[in-house]
Amino acid sequence: MKKYLFTPGPAAVPPEVLLEMAQPIIHHRTPQFSAVLDQARERLKPLFGTRQEVILFAASGTGAMEAAVANLLSPGEHAIFVNGGKFGERWGKFLKAFGMVPHEIKVEWGRAVRPGEVEDALKANPETRAVFVQASETSTCTVHPVAEIGKITRTRDVLLVVDGITSVGVFEQKMDEWGVDALVTGSQKALMLPPGLGMIALSPRAWDAVKKSTTPRFYFDLGRELKAQREEHTTAFTPAVSLISGLNKSLEMLHAEGLEKVYARHTIMAEATRDAARALGLKLISPDSPAPGVTGIIAPEGIDTGKVVKYMRDTLGVSVQGGQDQMKGRLVRIGHMGNLSPFDMLVAVSALEIALRNQGMDVKMGAGVAAVQARLAKGA
Ligand SMILES: *Cc1c(COP(=O)(O)O)cnc(C)c1O
């Protein structure tokens, strides 16, 4: 039976990319590989909204997050992190692990941090060297106001480090224009690849910070990788050759579609999914600042979303994801990133209706599907 993948990572990989990755392996110290690496790194820049170098690691997205922390700060330095969900919390864990002094801005799940909260935290902790935030917090399906935060950090001697793992390739990122000093992403979300590549770009002032950082690091050494990837056109260690070939292909496809169209497609899928939830009388976890790559729908009282998700996956063949931590059993997260067409949302919402009814909710069957259809009919 055909299976459908609507998880907020990993996301579906197109056949063109799968075929590219099935090609015989090439050696990574060859002009052939260098050409692929150079092209892929160049093609990533518009997705990051930067003219700076994008560095690749064989690692999941978390590896690129680690690279940001370990290369930009030194032990004992102060940093502010926005904890509005699982991934924001992870910034705090890195800072602790590497001996920095973390200051947390705790944000209720589903709410975006207010720029004023960042400003207040900077006033309260004037020794702060960097602010860490998610552009899109996947666990709460919420977008944080990165451009606004950038206006605050860029005028100070404070770096802005952004986790763009469900943002790059989903909605427009203007790293240079917004004053973002480090932007991180991973392969398995919007970039239409299997897991295994972490990517990071740094601003000129972040590259200066790399030179000053005394944090111990070895594999995730950005200075060494910059030299290898920019000057020697290869990676310092054996790269994920097949994934990088696949990346080059997926980027070729995204640019052929046109990034504006790619972003508009994500907007339509997100709006259609939110419209469907409302039509079913269901609440969203993040009604005021919803993410374009993943929608979080709160189940009605008495319905365990763990069972809804399991029924959708095992009986209907449609994979979505539940909630984490305090939202475990209470949230259904539908990912709409990467290789999906807006019409695919008819499948996701239809399966959700069936599964909710199976779990005992009095569902008006077809109400969500009709809402998706109505949104699709409107077009871009
Ligand atoms: C998926 C995700 C991560 C973790 O990335 P891995 O590739 O699983 O290491 C971090 N941040 C956000 C926002 C994510 O969506």
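Let me start with one strand pair. E11 and strand E12, residues 294-298, pair in the antiparallel sense over 2 bridges. One residue pair to look at here: Lys 283 has Ile 298, in E12, as its bridge partner.

Before I go on, a reminder. This is a predicted model. How confident is the predictor? The chain has a mean pLDDT of 98, and 100% of its residues reach 70 or more. Confidence is lowest in strand E1, residues 4-5, with a mean of 97. It is highest in strand E8, residues 159-163, at 99. As a general caution, coordinates should not be read in detail where pLDDT is low.

Back to that strand pair. E11 and E12 belong to an open sheet of 4 strands. The order is E11-E12-E15-E14, and the pairing is antiparallel. Which strands stand at the edges? Strand E11, 283-284, and strand E14, 321-322. Each has a single partner strand, so one side of each is left without a neighbour in the sheet.

Now the other sheet. This one is built from 7 strands, and it is open too. Read the order as E2-E10-E9-E8-E5-E3-E4. Here the pairing is mixed. The edges are strand E2, 54-58, and strand E4, 101-106. Again, each edge strand has a single partner, so one side of E2 and one side of E4 have no neighbour in the sheet. How are neighbouring strands of this sheet turned against each other? By 20° on average, direction ignored.

Let me pick one pair out of this sheet. Strand E3, residues 78-83, and strand E5, residues 128-134, pair in the parallel sense. They do so over 4 bridges. If you want a place to look, take His 78: its bridge partner in E5 is Thr 128.

On to the ligand. How many residues surround the ligand? The count is 13. The closest are Ser 60, Thr 62, Thr 138, Asp 163 and Lys 189. By class, the shell has 3 nonpolar, 7 polar and 3 charged residues.

Now the polar contacts, all to oxygen atoms of the ligand. Ser 60 places a polar side-chain atom 2.5 Å from a ligand oxygen. Lys 189 also uses a polar side-chain atom, at 2.7 Å from an oxygen of the ligand. Gly 61 uses its backbone: an N or O atom there lies 2.8 Å from a ligand oxygen.

How much of the ligand is covered? On its own, the ligand has 380 Å² of accessible area, and the protein covers 90% of that. Two elements give two or more residues to the shell: helix H3, 61-72, and helix H4, 86-97. Of the elements, H3 gives the most, with 3 residues.

Last, two backbone details. The first is a cis peptide bond. Gly 9 and Pro 10 are joined by it, with omega at about -5°. Pro 10 sits in the loop between E1 and helix H1, 15-21.

The second is Cys 141. Its phi is positive, about 55°, although Cys 141 is not a glycine. Where is Cys 141 found? In the loop between strand E6, 136-137, and strand E7, 142-143.

Conventions: Residues are numbered from 1 along each chain as its sequence is written. This is a predicted model: local features need pLDDT of at least 70, side-chain atom pairs count only at pLDDT 80 or more; totals for chains, interfaces and linings use all residues. Side-chain values use heavy atoms; hydrogens and water are left out. A residue is near a molecule or strand if one of its heavy atoms lies within 4 Å of it. A polar contact is a pair of N or O atoms within 3.5 Å; within protein, one must be able to donate a hydrogen and the other to accept it, and residues adjacent in sequence count only if both atoms are side-chain atoms. Accessible areas come from the Shrake-Rupley method with a 1.4 Å probe; for residues, only the protein chains shown count as cover. Ala, Val, Leu, Ile, Met, Phe, Trp, Tyr, Cys and Pro count as nonpolar, Asp, Glu, Lys and Arg as charged, and the others, Gly among them, as polar. pLDDT is the predictor's confidence in each residue, from 0 to 100. Two strands pair if DSSP finds at least two bridges between them. Axes are lines fitted to C-alpha atoms, for helices over the stretch in contact, and angles run from 0 to 180 degrees between N-to-C directions.
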